[in-house]
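Me: I have a model open on my screen and would like to talk it through with you. Could we go over it step by step?

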Amino acid sequence: MNISKAIASSVGNGIADDALKDADNGFWLQTLPSATQRTWQRRFYCIRWVDRLAEQDLIVQPDGRQFAAFRLAWQKLRHQGYLSDDLQQWPVLQQLATDWFQADPAGHQAEIAAWEEYLAAIADYHQAHLVIHSLYDYEVMLDRLAGSCFQLLPDLQVQQRAIARRFGWVDQFYNNLRDLYEDAQQGVCYFPTEVLTQFGLSRSAMLDLSCLQQPGYRDLMQFWVEDYLPQLRQQHHTLLQVADLPPAWQRLTTWFCHRYRRIEQVMQVCDYDFVAFAQQYWPLVEHELSHQPSAPML
């Protein structure tokens, strides 16, 4: 199974490419029955595709308008409830029309609302010179981007949606931690200004890597990973304790927690140097995935 092709990966501009990230994020999918795999892949494809579209407007073609055009097309689909001829150009809308509007639109209102929220969050956070002012603002971002994203995933019961949303907070934190170097190369810093200031650092120092030579940097990272992250996990990791989680979610949480431990371990081995981390982490991921035993296709 090539998860990267199945969910619209693209080669990134940073130290790692999106195909390797997505292969790591989706490795657990191969343990699922084929029909379940396809359902999850379809949803991952939609999520990743719109993220890539917004990223292209921001980085590849600055001031591009493709994402805005897509949002308008989505709004038309939502309001009219069917895929008219002028919307056929958007493959993602073809999938969403099939999954949410053809059979039982009333039964998919939670996913439709989460998709609306996810698109709005992408529009707000894919901005040049983005600045997150406070820790509260950072948690709002975690909730809007990753919380809504996790509520889009299949196989959730109504009572599980809120805790899946909270799991998304933790996942987004680890992704931000993993991608510090790649984000800096693209001019992106998700650390809140108030937290940087607390340790005598600045957004510009994070972007030009001069932070690595400043005395407050290691204290910042110890706070971020050793103090703040455990609080985040304690408050928002309750999905792991849910007794009736569907099998797909059990496999997702098991693999994701493995990824999280790997990120923390390599970051600590590198003494929180995120440039050294990127240089060590991605070869480790590639090696690990190539040596993982493949699960049988069911």
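Below we chat about the fold, the core, the cysteines and the charged pairs.

Me: Happy to start with the basics: how many helices and how many strands does the protein chain have?


Reply: Keep in mind that this is a predicted model. From the N terminus on, the elements run α-α-α-α-α-α-α-α-α-α-α-α-α-α. The count for the protein chain is therefore 0 strands and 14 helices.

Me: What radius of gyration does the protein chain have, and what would a compact globule have?

Reply: The C-alpha atoms fill a box of roughly 60 × 45 × 35 Å along the principal axes. For 298 residues, a compact globule would have a radius of gyration near 19 Å. The protein chain agrees with that, at 19 Å.

Me: Among contacts between residues at least 6 apart in sequence, what share joins residues at least 24 apart?

Reply: Let's take burial along with it: buried residues make up 53% of the 298 residues in the protein chain. As for the contacts between residues at least 6 apart in sequence, the share that joins residues at least 24 apart is 67%.

Me: Which residues touch the most other members of the largest nonpolar core?

Reply: That core has 104 residues. One of the residues you are after is F70, and beyond its neighbours within four places in sequence it is in contact with W49, V50, L53, W90, V92, L93, W115 and L119. The residues that touch the most other members are F70, W74 and W115.

Me: W115 sits in helix α6, I see. How far apart should the ends of α6 be, and how far apart are they?

Reply: Helix α6 covers residues 109-125, and its buried residues are E111, I112, A114, W115, Y118, L119, A121, I122, A123 and Y125. At 1.5 Å a residue, its 17 residues should span 24 Å. The C-alpha atoms at its ends agree with that, lying 24 Å apart.

Me: Now the cysteines: why is C189 not bonded to C211?

Reply: A disulfide is a covalent bond between the sulfur atoms of two cysteines. A search of the whole structure finds 0 disulfides. The cysteine sulfur closest to that of C189 is in C211, and the gap is too far for a bond because it comes to 8.5 Å.

Me: Are those two cysteines buried or exposed?

Reply: The cut-off for buried is under 20% relative accessible area. C189 has 5% relative accessibility, so it falls below that cut-off. C211 has a relative accessible area of 0%. Both C189 and C211 are therefore buried.

Me: On to charges: which two helices does the salt bridge of D22 and R52 tie together?

Reply: Side chains of opposite charge can pair when their charged atoms come close. The structure holds 21 salt bridges, and in one of them the side chains of D22 and R52 meet at 3.8 Å, N to O. The two residues are 30 apart in sequence, with D22 in residues 18-25 and R52 in residues 34-60, so the helices tied together are α2 and α3.

Me: What other salt bridge does R52 make, and which network is it part of?

Reply: The side chains of R52 and D51 meet in a salt bridge at 2.9 Å, N to O. Both partners count as buried, because D51 has 14% relative accessibility and R52 has a relative accessible area of 10%. The salt-bridge network that includes R52 links D18, K21, D22, R48, D51, R52, R178, D179 and E182.

Me: How many of the residues of α2 are buried?

Reply: Helix α2 is mostly covered. Its buried residues are D18, L20, K21, D22, A23, D24 and N25. Of its 8 residues, the number buried is 7.

Me: Are D86 and K76 buried, exposed or partly exposed?

Reply: Their side chains meet in a salt bridge at 2.6 Å, N to O. This pair ties helix α4, where K76 lies, to the loop between α4 and α5, where D86 lies, so it joins parts 10 residues apart in sequence. With relative accessible areas of 40% for D86 and 35% for K76, both count as partly exposed.

Me: Last one: how far apart in space are Q186 and E139?

Reply: Q186 is in the loop between α9 and α10, and it counts as partly exposed at 24% relative accessibility. In sequence, Q186 and E139 are 47 residues apart. In space, C-alpha to C-alpha, the distance is 22 Å.

Key
Residues are numbered from 1 along each chain as its sequence is written. This is a predicted model: local features need pLDDT of at least 70, side-chain atom pairs count only at pLDDT 80 or more; totals for chains, interfaces and linings use all residues. Side-chain values use heavy atoms; hydrogens and water are left out. Helices (H or I, at least four residues) and strands (E, at least two) are DSSP runs, numbered from the N terminus. The expected span of a helix is 1.5 Å times one less than its number of residues. Buried means under 20% relative accessible area, exposed over 50%, partly exposed in between (1.4 Å probe, protein chains only). A nonpolar core is a set of buried Ala, Val, Leu, Ile, Met, Phe, Trp, Tyr and Cys residues joined through side-chain atoms within 4.5 Å. Contact means heavy atoms within 4.5 Å. A disulfide is a pair of cysteine sulfur atoms within 2.5 Å. A salt bridge is a side-chain nitrogen of Lys or Arg within 4 Å of a carboxyl oxygen of Asp or Glu. The radius of gyration is taken over C-alpha atoms; the globule rule is 2.2 Å times the number of residues to the power 0.38.
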